[in-house]
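Me: Please take a close look at one part of this model, the aromatic cluster, and then place it in the rest of the fold. Short sentences, with cut-offs, would suit me.

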Amino acid sequence: MLPRDKRRFKAADLDGALTATREEFTAFLHPEEFEHMKEIVVLKTLEDIDKNRDGFVDQDEYIAGMFSHEENDPEPDWVLSERESNKVRKLDKDEIRHWILPQDYDHAQAEARHLVYESDKNKDERLKRKYWRTGTCLLEAKLPIMGEDLTKNHHEL
């Protein structure tokens, strides 16, 4: 991981001072939020998923990145559908960029919707004021994928 972090730091270090300003450090921590860092995110994704190291993400690599197949378990319908619809397709860097960094996608809004959905016990699309003010709804929410440490300050929420 050290070579990846060095590459990411070098991309974030806009002034080349080998020390990070607040903005450079933020770009290092959240590269998907900064245009000059997005290529780093694409490269990391390619390196993580491209198991045969051909510079592309093929169908099996794409599916394996989102679904861990157990020996005797049947594949879910979405996997079967994906296999049928994309026979020999491979994703290049530009396609990977559109896949993992879609334009017009607001990560903070998606996170907020996820938190509200998981916190809305009776599914009436309303959170009780007392429950919301205490933060209990956020701490009790099931956050297996999107959530992160909610004890830190989050201005976007």
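Reply: The answer below begins with the basis of the model, then takes up the aromatic rings, and then moves outward.

This is a predicted model, in which local features need pLDDT of at least 70, side-chain atom pairs count only at pLDDT 80 or more, and totals for chains, interfaces and linings use all residues. Residues are numbered from 1 along each chain as its sequence is written, and side-chain values use heavy atoms, with hydrogens and water left out.

Some terms come up throughout. Helices (H or I, at least four residues) and strands (E, at least two) are DSSP runs, numbered from the N terminus. Buried means under 20% relative accessible area, exposed means over 50%, and partly exposed lies in between (1.4 Å probe, protein chains only). Contact means heavy atoms within 4.5 Å.

The protein has nine helices and two strands. Along the sequence, the pattern reads α-α-α-β-α-α-β-α-α-α-α. Of its 157 residues, 25% are buried.

Now the rings. A pair of aromatic rings is described by the distance of the centres and the angle of the planes. Rings of Phe, Tyr and Trp (its six-membered ring) pair if their centres lie within 6.5 Å; planes under 30 degrees apart count as stacked, over 60 as edge-to-face and the rest as tilted. The structure holds three aromatic pairs. One of them joins Phe9 and Phe28, edge-to-face, with 6.3 Å from centre to centre and 65° between the planes. This pair links distant parts of the chain: Phe9 is in helix H1 (residues 2-12), Phe28 is in helix H2 (residues 22-29), and they are 19 residues apart. Phe9 has 26% relative accessibility, so Phe9 counts as partly exposed. Phe28 has 15%, so Phe28 counts as buried.

Phe28 also pairs with Phe25. Their ring centres are 6.4 Å apart and their planes meet at 15°, so this pair is stacked. Phe25 and Phe28 are three residues apart in helix H2, which means about one helical turn separates them. Phe25 is partly exposed, because its relative accessibility is 44%. Phe9, Phe25 and Phe28 form one aromatic cluster.

A charge joins the picture at Phe28. The charged end of Arg8 sits over the ring of Phe28, 4.5 Å from its centre. The criterion is NZ of Lys or CZ of Arg within 6 Å of the ring centre and within 35 degrees of the ring normal. Lys123 does likewise with Tyr117: Lys123 lies over the ring face, at 4.1 Å from the ring centre. Lys123 is in the loop between helix H7 (107-119) and helix H8 (129-134). Its phi is near 55°, a positive value in a residue other than glycine. At 44% relative accessibility, Lys123 is partly exposed.

Back to the surroundings of Phe28. Ala12 lies in helix H1. Its relative accessibility is 2%, so Ala12 is buried. Beyond neighbours within four places in sequence, Ala12 is in contact with Glu24, Ala27, Phe28, His36 and Met37. The C-alpha atoms of Ala12 and Pro31 are 8.1 Å apart, with their positions 19 residues apart along the chain.

Next come the nonpolar cores. A nonpolar core is a set of buried Ala, Val, Leu, Ile, Met, Phe, Trp, Tyr and Cys residues joined through side-chain atoms within 4.5 Å. The largest has 12 residues, among them Val41, Val42, Leu46, Ile49, Tyr62 and Ile96. H3 and H4 are the elements that give two or more residues to this core. H3 gives the most, with four residues. A second, separate core of five residues includes Ala12, Ala27, Phe28 and Met37. Phe28 thus belongs to this second core and to the aromatic cluster.

Helix H3 deserves a check. The expected span of a helix is 1.5 Å times one less than its number of residues. For the 12 residues of H3 (residues 38-49) that gives 16 Å; the end C-alpha atoms are 17 Å apart, which agrees. The buried residues of H3 include Ile40, Val41, Thr45 and Ile49. The buried residues of H3 pack against H1, strand E1 (57-58), helix H4 (59-66) and helix H6 (93-100). Ile96 touches Val42, Thr45, Leu46, Val57, Leu91 and Leu101, with residues up to four places away in sequence not counted.
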